[in-house]
Amino acid sequence: MNDQSHYQSDLPGPLGWIDTLISKFEAFALAAGVLLMALNTCVNVVARFVFGEGLFFSGEINRILIILITFAGMGYAARHGRHIRMSALYDLLPKLGRKIVMTAIVILTAGVMYFLAYLSFEYVMSTYERGRILPALGFPIWWIYIWVPMGFAVTGVQYTMTAIKNLTADDVYLSTGVTDGYSNDS
């Protein structure tokens, strides 16, 4: 899957539909988040230099967008095989060994992502119960942190689908649409 502008999942049935739907949401969230952050920053700079005072809420908006971009970007990176890999020993393995190791890695990583989603959801709930609000914008802080458990959960789903892909396909997959660069070796 080289054309990332129109991602279409290779997974069968409902998994493919879910994967494609999530990828569209991530792409929109990332693009909108980056564009809004750039716009917000530019408007704040112009306001500061033209009117002598920046927008009082600009910092909070950028904080919200950074959280959104970071946690929406995790699933995107996992989907497109753009995550960091330490592959010195992995590269020495034959294809079957790489497949076993990669499957174990994505299953373990999915488990960690689900655990972090649970912990971050607990944090969001405690923030909700405390009733804290953003000082400038005046809305509840838990709204901005909801992206954290969602990002971990979506990334966990992506790694789970990669594990399924590795268990059902002949090649070694780094993600559901990206094969390992050594997949032609024996």
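Guide: Asp19, Glu26 and Arg79 are linked in a network of salt bridges. This is a predicted model, in which local features need pLDDT of at least 70, side-chain atom pairs count only at pLDDT 80 or more, and totals for chains, interfaces and linings use all residues. Residues are numbered from 1 along each chain as its sequence is written, and side-chain values use heavy atoms, with hydrogens and water left out.

Visitor: Why is the pair of glutamate 26 and arginine 79 called a salt bridge?

Guide: The term asks for a side-chain nitrogen of Lys or Arg within 4 Å of a carboxyl oxygen of Asp or Glu. Here the closest N and O atoms are 2.2 Å apart. That is within 4 Å, so the pair qualifies. In general, side chains of opposite charge can pair when their charged atoms come close.

Visitor: What does the pair of glutamate 26 and arginine 79 tie together?

Guide: Glutamate 26 lies in helix H1 (residues 13-51) and arginine 79 in helix H2, so parts 53 residues apart in sequence are tied together.

Visitor: Are these two partners buried or exposed, and how do you know?

Guide: Buried means under 20% relative accessible area, exposed means over 50%, and partly exposed lies in between (1.4 Å probe, protein chains only). Glutamate 26 has 3%. Arginine 79 has 1%. Both values are under 20%, so both residues count as buried.

Visitor: How many salt bridges does the structure hold?

Guide: Four. One of them joins aspartate 171 and lysine 95, at 3.6 Å from N to O. Aspartate 171 sits in the loop between helix H5 (147-168) and strand E1 (173-175), while lysine 95 is in helix H3 (residues 95-130), 76 residues away in sequence. Aspartate 171 has a relative accessible area of 27%, so it is partly exposed.

Visitor: What makes arginine 98 and aspartate 180 a salt bridge?

Guide: Their closest N and O atoms are 3.1 Å apart. The limit is met, so the name fits. Arginine 98 is in helix H3, and aspartate 180 is in the segment after strand E2 (178-179), 82 residues apart. Both are buried: arginine 98 has a relative accessible area of 2%, and aspartate 180 has 2% as well.

Visitor: Why are H1 and H2 called helices?

Guide: Helices are DSSP runs of H or I with at least four residues, strands are runs of E with at least two, and both are numbered from the N terminus. H1 has 39 residues. H2 (residues 58-79) has 22.

Visitor: How do you know that the reach of H1 is close to the expected one?

Guide: The expected span is 1.5 Å times one less than the number of residues. For H1 that gives 57 Å, and the helix reaches 56 Å from its first C-alpha to its last. For H2 the expected value is 32 Å, and the helix reaches 31 Å.

Visitor: Where is the kink in H2 centred?

Guide: On glycine 73, with a kink of about 25°. The bend at a residue is the angle between axes fitted to the seven residues ending there and the seven starting there. Just after H2, glycine 81 takes a positive phi of about 65°. Just after H1, glycine 52 has a positive phi of about 80°.

Visitor: Why is the pair of phenylalanine 139 and tryptophan 143 called stacked?

Guide: Rings of Phe, Tyr and Trp (its six-membered ring) pair if their centres lie within 6.5 Å; planes under 30 degrees apart count as stacked, over 60 as edge-to-face and the rest as tilted. This pair has 5.1 Å between centres and 25° between planes. Both values fit, so the pair is stacked. Tryptophan 142 and tryptophan 143 are at 6.3 Å and 85°, so that pair is edge-to-face. Ring pairs link Tyr128, Phe139, Trp142 and Trp143 into a cluster.

Visitor: Which residues does leucine 55 contact?

Guide: Leucine 55 is in the loop between H1 and H2. Leaving aside neighbours within four places in sequence, it contacts Asn40, Val43, Asn44 and Ala47. Contact means heavy atoms within 4.5 Å. Its relative accessibility is 27%, so it counts as partly exposed.

Visitor: What is the mean pLDDT of the protein chain?

Guide: It is 86, and 95% of the residues reach 70 or more. pLDDT is the predictor's confidence in each residue, from 0 to 100. Over residues 182-186 it is below 50. Where pLDDT is low, the predicted coordinates should not be read in detail.
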